[in-house]
Amino acid sequence: EELTETQRLQVETSLNGTQLVTPEDIRVFLKKLTYPLYFLDFETMQQAIPEYEGTKPYQQVTFQYSLHWIEEEGGELKHSEFLGDSVHDPRRALAEQLCKDIPKGVCTTAYNKGFECGRLKELADVYPDFRDHLLDIRDHIVDLIEPFRQKMVYLPEMNGSFSIKHVLPSLHPDDPQLNYANLDGTVHNGGEAMAIYPLIATMTPADAVAARESLLKYCCLDTYAMVKVWEKLIEMAV
């Protein structure tokens, strides 16, 4: 059976214990990123029986985001976040805060940006008063998966996957702060986030606080992971 390009690369690097790093291509990619630089990640849920007016069965409903950003080279890493209350439709409040957090015309990154771009377009269609700003954010998103998908960087530890859950530990092995398994609470992946969010409304106050804290830590790690991937790309570009 003939191997794909990615499969062949996986076999060769695994057998030879080698890495693929092309600094010149990484430098070209990094030129797309400008300050202030933002790192964005959304969390969504899908309900069989839609709870909010205007939504459809299994529609992706955005209820949370995490945002890290750096205003200038060498600047302080800052963070903002939003999480709905699990009772009311979270989308308008989320869109409003996001437009406050991300100015027009700035560079935003997402990992596998099709997901974030899709959610921004949906929010823009529902809330026309935020449409121009939301679409401006979408149009200025650079995909942080690009250096890996385009084979500018490949490490054997990625095991043929360009998911950030594989890329991150391959770039930063044995870093407990970047290990999703070390997160406190019940949320360690997107599926668990999607499942627990609608349940918060019926939890005891103590359990609700714990669940919300777990959601915030998980989503925060997603964008912090993007920052650490970007930092490693800068090192590899030298």
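Analyst: Let's start with a yardstick for side chains: a residue counts as buried when its relative accessible area is under 20%, as exposed when that area is over 50%, and as partly exposed in between. Please keep in mind that the model is predicted.

User: Thanks! Could we try that yardstick on E235: is it buried or exposed?

Analyst: E235 has a relative accessibility of 51%, so it counts as exposed. This residue is found in helix α9. E235 also shows how a fold brings remote stretches together: E235 and I26 are 209 residues apart in sequence, yet their C-alpha atoms are 9.9 Å apart in space.

User: Which residue does E235 pair with in a salt bridge?

Analyst: The general idea is that side chains of opposite charge can pair when their charged atoms come close. Here E235 pairs with K232, and the closest N and O atoms are 3.2 Å apart. Both residues lie in helix α9, three residues apart, which is about one turn of the helix. The two partners fall on opposite sides of our yardstick: E235 is exposed, while K232, at 18% relative accessibility, counts as buried. Salt bridges can also share partners, as in the network that joins K121, D125 and R131.

User: How many salt bridges does a search of the whole structure find?

Analyst: The search finds 13 salt bridges. One of them joins E146 and K32, whose closest N and O atoms are 2.7 Å apart. E146 belongs to helix α6 (residues 146-149) and K32 to the loop between α2 (23-30) and β2, so this pair ties together parts that are 114 residues apart in sequence. On the yardstick, E146 is buried at 17%, and K32 is partly exposed at 41%.

User: And where do the partners K217 and D184 lie?

Analyst: First the contact itself: the side chains of K217 and D184 meet in a salt bridge with an N to O distance of 3.6 Å. K217 sits in helix α9 and D184 in the loop between α7 and α8 (190-196), so the pair links distant parts of the chain, 33 residues apart. K217 is partly exposed, with a relative accessible area of 32%, and D184 is exposed at 51%.

User: Now to the cysteines. How many disulfides are there?

Analyst: A disulfide is a covalent bond between the sulfur atoms of two cysteines. The cut-off to apply is 2.5 Å between the sulfurs, and by this rule the count is zero. For C107, the nearest cysteine sulfur belongs to C117 and is 12 Å away. C107 is buried, at 6% relative accessibility.

User: Why is C219 not bonded to the closest cysteine?

Analyst: The closest cysteine sulfur to that of C219 is in C220, at 8.0 Å, which is too far for a bond. C219 is itself buried, with a relative accessible area of 1%.

User: Let's turn to the nonpolar interior. Which residues have the most contacts inside the largest nonpolar core?

Analyst: They are F148, V153, L215, V229 and L233, in a core of 50 residues. The elements that each supply at least two residues of this core are α2, β2, β3 (61-70), β7 (153-154), α7, α8 and α9. Helix α9 gives the most, with twelve residues.

User: And empty space: what is the volume of the largest pocket?

Analyst: Rolling a probe the size of a water molecule over the atoms shows where empty space is left. In this model the largest pocket has a volume of about 340 Å³. It is lined by 15 residues, and those closest to its centre are D41, Y111, I164, K165 and D222. β2 (37-45), α4 (114-126), α7 (164-171) and α9 (205-236) each supply at least two lining residues. By class, the lining has seven nonpolar, three polar and five charged residues.

User: How many cavities of 30 Å³ or more does the search find?

Analyst: It finds one. The largest cavity has a volume of about 40 Å³, and its lining is made up of Q59, Q60, T62, R91, R119, E122, L123 and V126. Helix α4 contributes the largest share of that lining, four residues. Sorted by class, the cavity lining has two nonpolar, three polar and three charged residues.

Methods: Residues are numbered from 1 along each chain as its sequence is written. This is a predicted model: local features need pLDDT of at least 70, side-chain atom pairs count only at pLDDT 80 or more; totals for chains, interfaces and linings use all residues. Side-chain values use heavy atoms; hydrogens and water are left out. Buried means under 20% relative accessible area, exposed over 50%, partly exposed in between (1.4 Å probe, protein chains only). On a 1 Å grid over the protein atoms alone, a cavity is a set of points where a 1.4 Å probe fits but cannot get out, and a pocket is an open set with protein on both sides within 12 Å along at least five of seven lines; lining residues have an atom within 4 Å of a point. Grid points are joined across faces, edges and corners, and a volume is the space filled by probe spheres set on the points. Ala, Val, Leu, Ile, Met, Phe, Trp, Tyr, Cys and Pro count as nonpolar, Asp, Glu, Lys and Arg as charged, and the others, Gly among them, as polar. A salt bridge is a side-chain nitrogen of Lys or Arg within 4 Å of a carboxyl oxygen of Asp or Glu. A nonpolar core is a set of buried Ala, Val, Leu, Ile, Met, Phe, Trp, Tyr and Cys residues joined through side-chain atoms within 4.5 Å.
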